[in-house]
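Trainee: I would like to learn how to read a structure like this one, feature by feature. Could we start with the metal site and then turn to the domains?

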Amino acid sequence: MAAGTALLYDEEMTKYKLLWVDPACKIEVPERLTVSHEALVRTGLAARCVSIAVREATDEEILLVHSEEYLEAVKKTPYMTLEDLMAFTQQYGDVYFHPNIYHCAKLAVGATLQLVDSVMTGRVRNGIALVRPPGHHSQKSAASGFCIFNNVAIGARYAMQKYGAKRVLIVDWDVHHGQGVQYCFEDDPNVLYFSWHRYEHQNFWPNLRESDYDSVGKEKGAGFNINVPWNKVGMENSDYLAVFFHVLLPVAYEFCPDLVLVSAGFDSAIGDPEGKMCATPDIFAHLTHLLMNLAGGKLCAVLEGGYNLTSLAQSVCQTVQTLLGDPAPLPADLGGPCESVLKSIHCVRSAHKQYWSCLKYTADLPASELSAKSLKVAEQKTGNEPEAQEQRSPEEIVWPEPPKRLCPPVRTAVALPEGVACPDACKRCSSAEAPSSLVLNRIRGDFFKESEDKVTLTALCDLIALLERMAKNEVRNGLALVQDVSMAMVCVMQHAPTSLTNRVLLVCVGDGCVPTRITEDGKTLLVHISSTEAQGQKSKHCVPVCLRKGCSDVAGFMQAVLGLLLPLGYEYNPGLVLLVRMPGSGVCESVWQQLAGLLQGLAQGHTLVLMQENETASAGPTASALLGSPAPMLGLLGNLLSEDLEALETLRNTLQADWKLLQHQKVEEA
Ligand SMILES: NCCCNCCCCCS
Ligand SMILES: [Zn+2]
């Protein structure tokens with residue numbers, strides 16, 4: 001299993017800049033790279049990465065995307081006079097040339113390809129290339145938006161040609177639409193391009209009609225181009241997460257890529273003069289985490305935009321720290337997506353429902369939306385400006401520093417019955433060392449008035465000992481094999497330190513009943529995925545999910561996780577995630593590992609997995625997920641059962657009054 005995070009950077013790419021006056025280009029400065037790299041060095045993150053040398057791209061590599069005419073023209077720029085450079089620049093939009101920019105553009109592509117090599121060969125698990133000039137706006141025969149060569153588009157073609165990558169997912173979280181990438185792959189079903197971008201009904205650069213949600217790709221590529229327009233500024237963390245849960249992740253898992261490229265632009269962060277959004281830098285820790293179990297963890301992030309030097313540096317650090325495997329606290333008070341984003345999400349899901357079975361049950365767009373589309377086009381004629389923006393200048397906007405992250409010395413502790421081997425790299429935890437007799441008495445008092453079943457008692461104490469070490473942040477997460485998972489659940493809820501259990505997300509996988517004393521204690525959110533219709537009451541804190549084919553239904557299970565469990569978990573923001581595998585759950589190993597991997601984005605990674613002691617075969621795979629190994633790819637998901645999808649949709653529509661992050665469509669105004 002590949003490990004390690006690559007970091008590609010070379011100060012040579014700082015050696016070009018704007019040589020004349022152009023208000024549209026003055027924000028693209030060399031300091032963007034130096035502040036990012038220096039922040040990684042200062043925080044000690046750079047030292048934890050595997051430094052990979054950059055190189056120049058070859059002509060052949062550049063020609064994977066660009067025309068010979070364009071390449072030949074750019075080759076002449078190093079020898080141009082200032083006047084010639086200005087004249088040459090005139091033919092393109094919002095970009096500038098410099099005698100050294102061709103050299104730097106080759107290094108940006110070369111760095112990207114070195115990163116792809118390192119990940120595809122397994123030298124590292126994932127990585128980031130800090131490059132300039134950026135790439136996602138440049139086209140076959142045109143420079144655009146500070147971009148000369150399309151780094152990520154070339155990277156995708158290179159991965160398919162050299163490594164036989166079948167399906168490449170490109171996630172473009174930059175605040176601008178990477179039209180260059182869209183044009184490159186719009187008829188290619190092997191490259192799924194996802195972009196969100198400031199649009200304001202075509203009033204924002206690059207002001208393209210084809211940046212809207214109804215550009216879904218062409219011919220064989222139909223369905224493989226996803227545009228999420230931000231029609232207002234000021235988008236927040238909840239908006240970004242809602243789009244991941246209700247648009248990107250369900251489709252990305254259905255697409256099942258064997259490589260993820262991120263056009264990592266950070267002009268979508270707060271303080272950026274271009275984006276004018278309000279999402280805080282720590283959101284990139286979670287966006288990164290949510291992508292890290294795709295493609296067996298093969299993720300290459302390539303810098304695009306980001307023009308506020310403070311939020312850029314913080315966002316880069318947040319991304320790298322998560323690539324390195326460190327857990328992140330959730331952003332504070334996550335709510336639901338705003339009205340405008342609800343419309344965008346609904347429009348995108350509607351435009352793509354015919355291509356992706358996970359979107360099949362998207363409700364029709366309200367009539368108002370459809371007419372609004374034509375209305376908006378009408379409005380273009382008037383070119384009316386979006387409403388007045390924040391009066392403060394971007395430099396004056398302040399936001400809290402991203403929170404420090406806990407990194408417990410022990411990643412995974414295990415409480416196992418005698419005779420069960422401790423999985424590699426895990427630390428065995430036994431009560432022999434830890435809790436005072438107080439806990440033992442408490443447990444004895446609760447569980448064993450009469451019989452003194454030593455074995456069970458010891459197992460429960462081992463479990464509590466593990467949780468006490470988790471509460472002290474000596475241990476990040478844990479795995480316990482127990483005789484009776486129901487009893488163990490009750491024991492955890494009763495005896496674990498309250499710092500962990502004041503809000504517990506309890507995820508039960510498989511048939512079986514959960515002790516009601518748990519679901520009524522007001523400090524638990526239960527999500528129970530099983531094959532049986534909900535017997536007990538359904539409530540805000542008790543969410544039964546029924547998969548008619550049971551937990552062995554990979555597609556249904558993943559859609560329940562991505563579109564229901566994760567949004568609930570992020571909004572609930574638990575102190576502990578208790579993941580329980582009920583006896584005979586039938587859940588398949590790789591789905592179980594996906595779940596154990598994804599849930600570690602919550603509770604700062606404090607996940608406790610409970611399994612029946614006879615599931616020793618699953619102890620190894622579960623431990624590897626808890627240790628941070630990416631879950632195996634699921635392969636192409638089978639078709640979703642209509643009844644399950646509909647039931648899931650109904651469940652979300654019922655619960656969204658209480659859980660706003662479940663909102664994903666604009667229901668017809670009453
Ligand atoms: N207000 C200045 C207009 C700049 N328009 C081009 C932006 C390119 C971003 C590349 S990520
Ligand atoms: Zn941008």
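**Reading the zinc site and the domain interface**

Mentor: Read along the sequence, the donor residues of the zinc ion (ligand 2) follow the spacing D-x1-H-x90-D. Please keep in mind throughout that this is a predicted model.

Trainee: Which protein atoms are the donors of the zinc ion (ligand 2), and how far from it do they lie?

Mentor: A metal site is read atom by atom, and water is not among the atoms, so sites may look incomplete. Here D174 is listed twice, each time through an OD atom, and it is joined by ND1 of H176 and an OD atom of D267, with distances from the zinc ion (ligand 2) of 2.0 to 2.6 Å.

Trainee: Where in the chain do H176 and D267 sit?

Mentor: H176 belongs to the loop between β4 (168–172) and α8 (179–185), whereas D267 belongs to the loop between β7 (259–264) and α10, and this pair, 91 residues apart, links distant parts of the chain.

Trainee: Turning to the backbone, which peptide bonds should I look at for a cis geometry?

Mentor: The angle to read is omega. The bond joining R132 and P133 is cis, with omega about 5 degrees, and P133 is placed in the loop between β3 (126–129) and α7 (151–163). The bond from W205 to P206 is cis with omega near 5 degrees, and P206 lies in the loop between β5 (191–198) and β6 (225–230). In the loop between β5 and β6 you will also find N207, which is not a glycine and yet has a positive phi of about 55 degrees.

Trainee: How is the chain divided into domains, and how many residues are in contact between them?

Mentor: The division gives domain 1 (5–374) and domain 2 (417–639), whose centres, taken over C-alpha atoms, are separated by 37 Å. Across the boundary, 30 residues of domain 1 are in contact with 29 residues of domain 2.

Trainee: What area do domain 1 and domain 2 bury between them, and which residues of domain 1 lose the most?

Mentor: The two domains bury about 2,400 Å² between them, with 63% of it on carbon and sulfur atoms. On the domain 1 side, Y253, N293 and L330 lose the most area to domain 2, together accounting for 26% of what that side buries.

Trainee: How many salt bridges and polar contacts are counted across this interface?

Mentor: The rule finds zero salt bridges between domain 1 and domain 2, while eight residue pairs are in polar contact. Of the elements on the domain 1 side, α9 (237–255) and α10 (283–291) each supply at least two residues, and α9 gives the most, with eight. By class, the residues of domain 1 that touch domain 2 divide into 17 nonpolar, eight polar and five charged.

Note on methods: Residues are numbered from 1 along each chain as its sequence is written. Chains are lettered from A and ligands numbered from 1 in the order in which they are written. This is a predicted model: local features need pLDDT of at least 70, side-chain atom pairs count only at pLDDT 80 or more; totals for chains, interfaces and linings use all residues. Side-chain values use heavy atoms; hydrogens and water are left out. Domain bounds come from an automatic or database domain assignment. Contact means heavy atoms within 4.5 Å. Buried area is the accessible area (1.4 Å probe) that two parts lose on being put together, summed over both. A salt bridge is a side-chain nitrogen of Lys or Arg within 4 Å of a carboxyl oxygen of Asp or Glu. A polar contact is a pair of N or O atoms within 3.5 Å; within protein, one must be able to donate a hydrogen and the other to accept it, and residues adjacent in sequence count only if both atoms are side-chain atoms. Helices (H or I, at least four residues) and strands (E, at least two) are DSSP runs, numbered from the N terminus. Ala, Val, Leu, Ile, Met, Phe, Trp, Tyr, Cys and Pro count as nonpolar, Asp, Glu, Lys and Arg as charged, and the others, Gly among them, as polar. Donors are N, O and S atoms within 2.8 Å of the metal (3.2 Å for Na, K and Ca); water is not among the atoms, so sites may look incomplete.
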